[in-house]
Amino acid sequence: MLTFNIRGENIEVTDAIRDYVEKRISKLEKYFDNNVEAIAHINLKVYQNKTAKVEVTIPLPYLTLRAEETSPDLYASVDLVTDKLERQIRKYKTKVNRKSREKGYKNLDFSPDTDSEKPADSNELEVVRTKRVSLKPMDNEEAVLQMDMLGHDFFIYEDAETNGISIVYRRNDGRYGLIEADDQD
């Protein structure tokens, strides 16, 4: 069951907009397990050049769905982002979920739970954002898919075979790299 957190920047979120967004994003529920409770974080932005951007993030127990689209029409952006999320879910279900079931992974979790920002007022190296993640066991292929779904350039995870910490990243040439942490016991 999805609940919605809809925010508007430079736009008032009217009942008509809210109803349309909820109706379109709710169509994704058919892909979720019946017992899944999730919050769909939706950010609607309208820019001075009259374009509308829709950002949707849905953290689930087994993956985080994220998509954004910009177009001249807010409703078209909602449709495009819904289609993009649906493609992500189908890709995940067909490639990764099948492999996870075969290997017996259960209760896979990735969700950032803290996010703090400070104003940058000096030239010193300073951490301006902190995220905590629960690492889930997976293989390299699933980590690359998860990284692509999130739109990130790297992804940290627990290697299912070695139980060690690994990082996949997108190289400048478009291919992928892997960093495996040494066990320093």
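Which residue stands opposite Glu-55 in E4? In this predicted model, the partner is Glu-68, so placed by the pairing of E3 with E4. These two strands run antiparallel and are joined by eight bridges. The link between them is a hairpin, with four residues separating E3 from E4.

On its other partner, E3 pairs with E2, again in the antiparallel sense, this time over six bridges. Here Lys-45 is the residue that faces Lys-53 of E3 across the pairing. E2 and E3 make a hairpin too, with five residues in between, and Lys-50 in that turn takes a positive phi of about 70°. As for cover, E3 is mostly hidden, with six of its eight residues buried.

Stepping back to the chain as a whole, the count is three helices and 10 strands. Followed along the sequence, they come in the pattern β-α-β-β-β-α-β-β-β-α-β-β-β. Of the 185 residues, 35% are buried. The accessible surface adds up to about 11700 Å², and carbon and sulfur atoms account for 47% of that. When contacts between residues at least 6 apart in sequence are considered, 41% of them join residues at least 24 apart.

Now for the interior. In soluble globular proteins, nonpolar side chains tend to be buried together. The largest nonpolar core in this model has 31 residues, and the members that touch the most others are Ile-25, Phe-32, Ile-42, Leu-44, Ile-58 and Leu-60. Several elements feed into this core with at least two residues each: strand E1 (2-9), helix H1 (15-26), strand E2 (38-46), strand E3 (52-59), strand E4 (64-71), helix H2 (74-103) and helix H3 (140-150). H2 gives the largest share, at six residues. Phe-32 shows how pieces of the chain come together here: leaving aside residues up to four places away in sequence, Phe-32 touches Leu-2, Leu-60, Tyr-62, Leu-65 and Ile-89. There is also a second, separate core of eight residues, with Met-147, Leu-150, Tyr-157 and Val-168 among them.

One polar residue of H2 deserves a look of its own. Gln-88 lies in helix H2. Is Gln-88 buried or exposed? Gln-88 counts as buried because its relative accessible area is 11%, which falls under the 20% cut-off. Setting aside residues up to four places away in sequence, Gln-88 touches Leu-65, Arg-66, Ala-67 and Met-149. Ala-67 sits 21 residues from Gln-88 in sequence, and the C-alpha atoms of the pair are 9.0 Å apart in space.

Met-149, the contact of Gln-88, brings the account to H3. This helix is mostly covered, eight of its 11 residues being buried. The buried set in H3 consists of Glu-142, Ala-143, Val-144, Leu-145, Gln-146, Met-147, Met-149 and Leu-150. Just past the end of H3, Gly-151 adopts a positive phi of about 75°.

The later part of the chain holds an open sheet of four strands, ordered E7-E8-E9-E10, in which the pairing is mixed. Strand E7 (137-138) and strand E10 (176-180) are the edges, each pairing on one side only. H3 packs on this sheet and touches E7, E8, E9 and E10, and the direction of the helix makes about 150° with that of E8.

Within the sheet, E8 (residues 154-159) and E9 (residues 165-170) pair in the antiparallel sense over five bridges. Ile-156 stands opposite Ile-167 of E9, and Tyr-157 stands opposite Ser-166 of E9. The two strands form a hairpin with five residues between them, and Asn-163 in the turn has a positive phi of about 60°. E9 and E10 also pair in the antiparallel sense, over five bridges. Ile-167 turns up again in this second pairing, where the residue opposite is Ile-179 of E10. The hairpin of E9 and E10 has five residues between its strands, and there Gly-174 takes a positive phi near 90°.

Terms used:
Residues numbered from 1 in each chain as written. Predicted model: local features only at pLDDT ≥ 70, side-chain atom pairs only at ≥ 80, totals over all residues. Heavy atoms only, no water. Core = buried A, V, L, I, M, F, W, Y, C linked by side-chain atoms within 4.5 Å. Buried < 20%, exposed > 50% of the residue type's maximum accessible area, 1.4 Å probe, protein only. Contact = heavy atoms within 4.5 Å. Areas by Shrake-Rupley, 256 points an atom, 1.4 Å probe, with all protein chains shown as cover. Axes fitted to C-alpha atoms, helices over the stretch in contact; angles between N-to-C directions.
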